[in-house]
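Colleague: I'd like a close look at just one part of this model, please. Could you take it slowly, since I'm new to this?

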Amino acid sequence: LVGRIGVTTGRVFCGIVGSDARREYTVMGDTVNLSARLMANASANTVLADEPTFRRCQQEFTFLKLNPIRVKGKEKEISIYRPVREPQVSCDDPAVLEVIPSTAHLKSYAFKVVRQSTQQVLSIRLPWPPRSATLGG
């Protein structure tokens with residue numbers, strides 16, 4: 001199984017489209033189209049991200065800045081980034097322009113969770129601030 005992922009950040013239209021005979025829930029817009037173009041340009045089992053996504057996530061992930069690409073529907077080249085797991089990365093790939101390290105490894109967030117069934121206390125440490133959509137945070 002081979003996967004390719006394109007991640008973009010921006011506004012989209014989402015909702016139900018179609019007629020009474022056939023309706024679908026979908027997302028549309030320039031952000032969705034760019035995500036599809038990044039996915040098509042990604043190597044096997046990798047993720048490509050656009051500039052706005054990189055800016056929002058650069059504190060949490062280490063990124064490789066790749067050579068910009070041209071995509072259908074855009075006049076200018078698109079800056080692209082590949083998130084990587086390792087905080088220290090060296091790369092000889094000619095497509096890589098720069099390694100942009102994360103600062104997430106410098107901080108961590110610890111909290112305790114009590115397992116209801118056994119009353120066991122679990123200590124959890126995350127490299128990102130915990131957030132909950134349910135609790136509004």
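Colleague: In which helix is the place of Ser35? Please walk me round that helix.

Modeller: Sure! A bit of housekeeping to start with: this is a predicted model, where local features need pLDDT of at least 70 and side-chain atom pairs count only at pLDDT 80 or more, while totals for chains, interfaces and linings use all residues. Residues are numbered from 1 along each chain as its sequence is written, and side-chain values use heavy atoms, leaving out hydrogens and water.

Ser35 sits in helix α1. Helices (H or I, at least four residues) and strands (E, at least two) are DSSP runs, numbered from the N terminus. Helix α1 covers residues 30-41. With its twelve residues, α1 reaches 17 Å from its first C-alpha to its last, close to the 16 Å expected at 1.5 Å a residue. That expected span is 1.5 Å times one less than the number of residues in the helix.

Now for Ser35 itself. Ser35 counts as buried because its relative accessible area is 18%, and buried means under 20%, with exposed over 50% and partly exposed in between (1.4 Å probe, protein chains only). What does Ser35 touch, leaving aside its neighbours within four places in sequence? The answer is Gly6, Val7 and Thr8, where contact means heavy atoms within 4.5 Å.

Ser35 has company: Thr31, Leu34, Ser35 and Leu38 are buried in α1. They cover an arc of only 105° around the axis, so they lie on the same side of α1; the arc is that of the directions from the helix axis to the C-beta atoms. There's a handy rule behind this: an α-helix has 3.6 residues a turn, so residues three or four places apart point the same way. And what do the buried residues of α1 pack against? They pack against β1 (4-7), β4, β5 and β6.

Leu38 shows this nicely. Again setting aside neighbours within four places in sequence, Leu38 is in contact with residues including Leu48, Ala49, Ile69 and Ile80. It also touches Gly6, Val7 and Thr8.

Leu34 and Leu38 both belong to the largest nonpolar core, which has twelve residues in all, among them Leu66, Val84 and Val96. The elements giving two or more residues to this core are α1, β5 (62-69) and β6 (78-84). A nonpolar core here is a set of buried Ala, Val, Leu, Ile, Met, Phe, Trp, Tyr and Cys residues joined through side-chain atoms within 4.5 Å.

Next, charge. Asp30 and Lys74 meet through their side chains in a salt bridge (2.6 Å, N to O). Asp30 lies in α1 and Lys74 in the loop between β5 and β6, so the pair ties together parts that are 44 residues apart in sequence. A salt bridge means a side-chain nitrogen of Lys or Arg within 4 Å of a carboxyl oxygen of Asp or Glu, and a search of the whole structure finds four. Asp30 counts as partly exposed because its relative accessibility is 45%; Lys74, at 28%, is partly exposed too.

Finally, step off the helix. Asn45 is in the loop between α1 and β4 (46-49). Asn45 has a positive phi of about 60° although it is not a glycine, and at 55% relative accessibility Asn45 is exposed.
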